[in-house]
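Reader: I am new to this structure and would like a friendly tour of it. Could you show it to me and take my questions?

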Amino acid sequence: MFPNSILGRPPFTPNHQQHNNFFTLSPSLYSHQQLIDAQFNFQNTDLSRAVSLQQLTYGNVSPIQTSTSPLFRGRKRLSDEKNLPLDGKRQRFHSPHQEPTIVNHIVPLSGDRRYSMPPLFHTHYVPDVVRCVPPFQEIPFLEPREITLPEAKDKLSQQILELFESCQQQVSDLKKKELCRTELQREIQLLFPQSRLFLVGSSLNGFGTRSSDGDLCLVVKEEPVNQKTEARHILTLVHKHFCTRLSGYIERPQLIRAKVPIVKFRDKVSCVEFDLNVNNVVGIRNTFLLRTYAYLENRVRPLVLVIKKWASHHEINDASRGTLSSYSLVLMVLHYLQTLPEPILPSIQKIYPESFSPAIQLHLVHQAPCNVPPYLSKNESNLGDLLLGFLKYYATEFDWNSQMISVREAKAIPRPDGIEWRNKYICVEEPFDGTNTARAVHEKQKFDMIKDQFLKSWQRLKNKRDLNSILPLRAAILKR
């Protein structure tokens, strides 16, 4: 079920009456005080005993396997491996033919420019409780509580629910990604012992589908990282590590030198495609913000999923090709639900500023959704009407020329006058750092294509009230 790294810890039972939680939390979830206590105990450990890489452990996971491991003989598993727990099987990541990688305490750069990394194994270094990247603290694995889906009394709403139930990401899909993240974190900590690997994006924010890729954020230090220099060098080391030590289990690793560089790869065990970035910490924060919205009201997730499928079908859901990213689409849906005459969603950043402050330490960000109870809206619109309203809003009502979409403010606000917003066709505010998440739409032709699709789809759906008129259901379900 769960990797050993998140088992064997004292169970934590949340106070459901106090918080009115809408998540089922795994037994690994620590309270704030438990996190501090655990880290305090770690600080008082003699760090000099941890120098040996052969004894490097993560949580309660066994030391990394070496060539003397009884579990493996070359690439072939012993016959009794099938009886091992799941995490034992995934220890295949640790190739028996590779010597442990030398730990890098710094990121080497060309010339004399070097960026220091916090040295975990330095005898004079004692981690601070308030550091952004606390050592050996695991974000708990969150399982959403089964919430009742909205009723569907009309054909269109039934079609939306059918699509959602067929295509939504399953808990088993998420567990596969989490297991890969756990093992990759252990491997990457051979390069950067103080680092943490976070699962982010649609896999964890509640809006994933069965075919969703996995997004990973590697946090190497609490300070910002220069994406053009430092991040690229860090990812170069990670890419080399994947190509050598993990070549049997990581498929097609590619270093993409974009504005925010990433390593793309496929995990052969889970068959999931992953994108890994460095220190894009806003992605961690907005993952849990969106996760809160996803489970705040039971119409949100089905509506988002059908709109993402619709946008993908009409080829307006690909930022790499100058159209809308999935993240921008989700923010557009949330904004629409916030701006209805009778809102279905509030601005949770306004109502709970202390839970979604950018100053919250990263290892505590996951606790924010647990502090927000479900939202009770007086708006009783069905899913079909909400989908129609969404298309109509952006086809005929929203002023693209002068307005910016702001989920943080729960309303459309005037466009800023900064250079990032000037001459942009679509402006969608990132809720934490205030950047434009739709900046990829920089060609008028692509913008006109997006607007045209909103208008045509609204007109077709209004006339036929059949989802197949704008999104072939059979094909969408087969794609998952």
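Below, the two of us go through the fold, one sheet and one cavity.

Author: Welcome! This is a predicted model, in which local features need pLDDT of at least 70, side-chain atom pairs count only at pLDDT 80 or more, and totals for chains, interfaces and linings use all residues. Residues are numbered from 1 along each chain as its sequence is written, and side-chain values use heavy atoms, with hydrogens and water left out.

Reader: How many helices and strands are in the protein chain?

Author: Helices (H or I, at least four residues) and strands (E, at least two) are DSSP runs, numbered from the N terminus. Counted this way, the protein chain has 14 helices and 13 strands.

Reader: What percentage of the residues of the protein chain count as buried?

Author: Buried means under 20% relative accessible area, exposed over 50%, and partly exposed in between, with a 1.4 Å probe and protein chains only. The protein chain has 480 residues, and the buried part is 54%.

Reader: In what order do the five strands of the open sheet come?

Author: Two strands pair if DSSP finds at least two bridges between them. The pairing in this open sheet is mixed, and its edge strands, β7 (196-200) and β9 (250-256), each pair on one side only. The order is β7-β8-β11-β10-β9.

Reader: Which strand runs parallel to β8, joined to it by five bridges?

Author: One bridge partner of β8 residue L218 is V278. Five bridges make up the parallel pairing, and the strand is β11.

Reader: Which residue of β11 does R266 stand opposite?

Author: Strands β10 (residues 262-267) and β11 (residues 272-278) run antiparallel and are joined by five bridges. Along β11, K264 has D275 as its bridge partner. The residue opposite R266 is E273.

Reader: How many of the seven residues of β11 are buried?

Author: Strand β11 is mostly covered. The number of buried residues in β11 is six.

Reader: At about what angle to β9 does helix α7 run?

Author: Axes are lines fitted to C-alpha atoms, for helices over the stretch in contact (heavy atoms within 4.5 Å). Angles run from 0 to 180 degrees between N-to-C directions. Helix α7 (residues 230-244) lies across β8, β9, β10 and β11, and its angle to β9 is about 160°.

Reader: Is N279, with its positive phi, buried or exposed?

Author: Most residues other than glycine have a negative phi. N279 has a positive phi near 55°, and its place is in the loop between β11 and α8 (282-294). With a relative accessible area of 11%, N279 is buried.

Reader: What is the relative accessible area of R252?

Author: R252 is found in strand β9 and has a positive phi of about 55° although it is not a glycine. R252 is partly exposed, and the value is 49%.

Reader: What volume does the second largest cavity have?

Author: On a 1 Å grid over the protein atoms alone, a cavity is a set of points where a 1.4 Å probe fits but cannot get out. Grid points are joined across faces, edges and corners, and a volume is the space filled by probe spheres set on the points. The whole structure has three cavities of 30 Å³ or more, and the volume of the second largest is about 50 Å³.

Reader: How many residues in the lining of the second largest cavity are nonpolar?

Author: Lining residues have an atom within 4 Å of a point, and here they include R285, F288 and F432. Ala, Val, Leu, Ile, Met, Phe, Trp, Tyr, Cys and Pro count as nonpolar, Asp, Glu, Lys and Arg as charged, and the others, Gly among them, as polar. Two lining residues are polar and one is charged, while the nonpolar number is seven.

Key:
1 Å grid on protein atoms, 1.4 Å probe; cavity = no way out; pocket = protein on both sides within 12 Å on 5 of 7 lines; lining within 4 Å.
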